[in-house]
Amino acid sequence: MPERPSAHGIDPRGPRVAAAITSLLLLVDVFLALTGLASSTALAAASVSERMQDPAFLLLGAIALLFLWGVAWPRTAPWGVLFRSLIAPRLSPPTEREDPRPPRFAQGVGLVVSLLGLLLQLAGVPWGLTVAAAAAFVAAFLNAVFGLCLGCQMYLVLQRAGLVGRSRPRLP
């Protein structure tokens with residue numbers, strides 16, 4: 001979650017920068033999962049300790065912590081601080097602002113998918129972590145490259161159904 005919510009919304013380029021960095025981390029994680037224990041038939045026979053020491057597990061755990069940080073403390077999340085301090089000052093002011101709630105919800109979806117992958121790895125389910133990391137990668141990549149935020153779209157569907165975000169902040 002790259003920017004602090006305000007009465008005028010957030011710069012939509014911030015979440016895309018965060019998605020780009022996250023997609024790179026997830027791509028590395030998918031590679032580690034494909035070449036390591038996570039996609040091996042040996043996963044089921046490995047101890048929980050061995051499953052936790054798998055590099056793909058450790059990296060996905062770090063990514064999950066970054067998602068948690070983005071959901072719980074978006075103002076101090078690393079990618080947001082990076083965008084606000086190093087990137088945004090070099091860009092022209094945004095032509096539009098967006099509601100911060102959908103991108104924050106998307107961070108929560110990323111957290112849930114990452115946690116599911118970690119739990120599947122701990123349970124000894126081959127390919128569970130790999131598939132979860134790949135799904136998170138696809139979502140982050142679509143946001144970074146095309147501006148299509150799947151978690152944001154989920155939020156809007158839930159909002160239309162009246163399940164989240166009943167009141168909407170005024171945007172210019």
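Tutor: Before we start, a helix here is a DSSP run of H or I at least four residues long, and helices are numbered from the N terminus. Keep in mind that this is a predicted model.

Student: Okay, what does the secondary structure of the protein come to?

Tutor: It comes to 7 helices and 0 strands. Read along the sequence, the pattern is α-α-α-α-α-α-α.

Student: And how do I read the overall size? What is the radius of gyration of the protein?

Tutor: The protein has 17 Å, and a compact globule with 172 residues would be near 16 Å, so the two agree. The C-alpha trace spans about 55 × 40 × 25 Å along its principal axes. As for the inside, 39% of the 172 residues count as buried. Take the contacts with a separation of 6 or more: residues 24 or more positions apart account for 77% of them.

Student: Now empty space. How many cavities of 30 Å³ or more does the structure hold?

Tutor: The general idea is that rolling a probe the size of a water molecule over the atoms shows where empty space is left. In this structure, that gives 1 cavity of 30 Å³ or more, and about 90 Å³ of space lies in the largest cavity.

Student: Which residues lie nearest the centre of the largest cavity?

Tutor: Thr22, Leu66, Phe67, Trp79 and Gln107 do, out of 12 residues in the lining. By type, the lining divides into 8 nonpolar, 4 polar and no charged residues.

Student: Which helices each supply at least two residues of that lining?

Tutor: Helix H1 (13-35), helix H3 (55-72) and helix H4 (78-87) do. H3 gives the most, with 4 residues.

Student: Let's stay with H3, then. How far does H3 reach from its first C-alpha to its last?

Tutor: H3 reaches 26 Å with its 18 residues, close to the 26 Å expected at 1.5 Å a residue.

Student: And which residues of H3 are buried?

Tutor: First the general idea: an α-helix has 3.6 residues a turn, so residues three or four places apart point the same way. In H3, the buried residues include Ala56, Leu60, Ile63, Ala64, Phe67 and Gly70. The buried residues of H3 pack against H1, helix H2 (48-53), helix H5 (101-122) and helix H6 (128-146).

Student: One last residue. Is Val81 buried or partly exposed?

Tutor: Val81, which is in helix H4, counts as partly exposed because its relative accessibility is 35%, and buried means under 20%. Not counting residues up to four places away in sequence, Val81 touches Arg75, Thr76 and Leu86.

Definitions and conventions
Residues numbered from 1 in each chain as written. Predicted model: local features only at pLDDT ≥ 70, side-chain atom pairs only at ≥ 80, totals over all residues. Heavy atoms only, no water. 1 Å grid on protein atoms, 1.4 Å probe; cavity = no way out; pocket = protein on both sides within 12 Å on 5 of 7 lines; lining within 4 Å. Points joined across faces, edges and corners; volume = space filled by probe spheres on them. Nonpolar A, V, L, I, M, F, W, Y, C, P; charged D, E, K, R; others polar. Expected span 1.5 Å × (residues − 1). Buried < 20%, exposed > 50% of the residue type's maximum accessible area, 1.4 Å probe, protein only. Contact = heavy atoms within 4.5 Å. Rg over C-alpha atoms; globule rule 2.2 N^0.38 Å.
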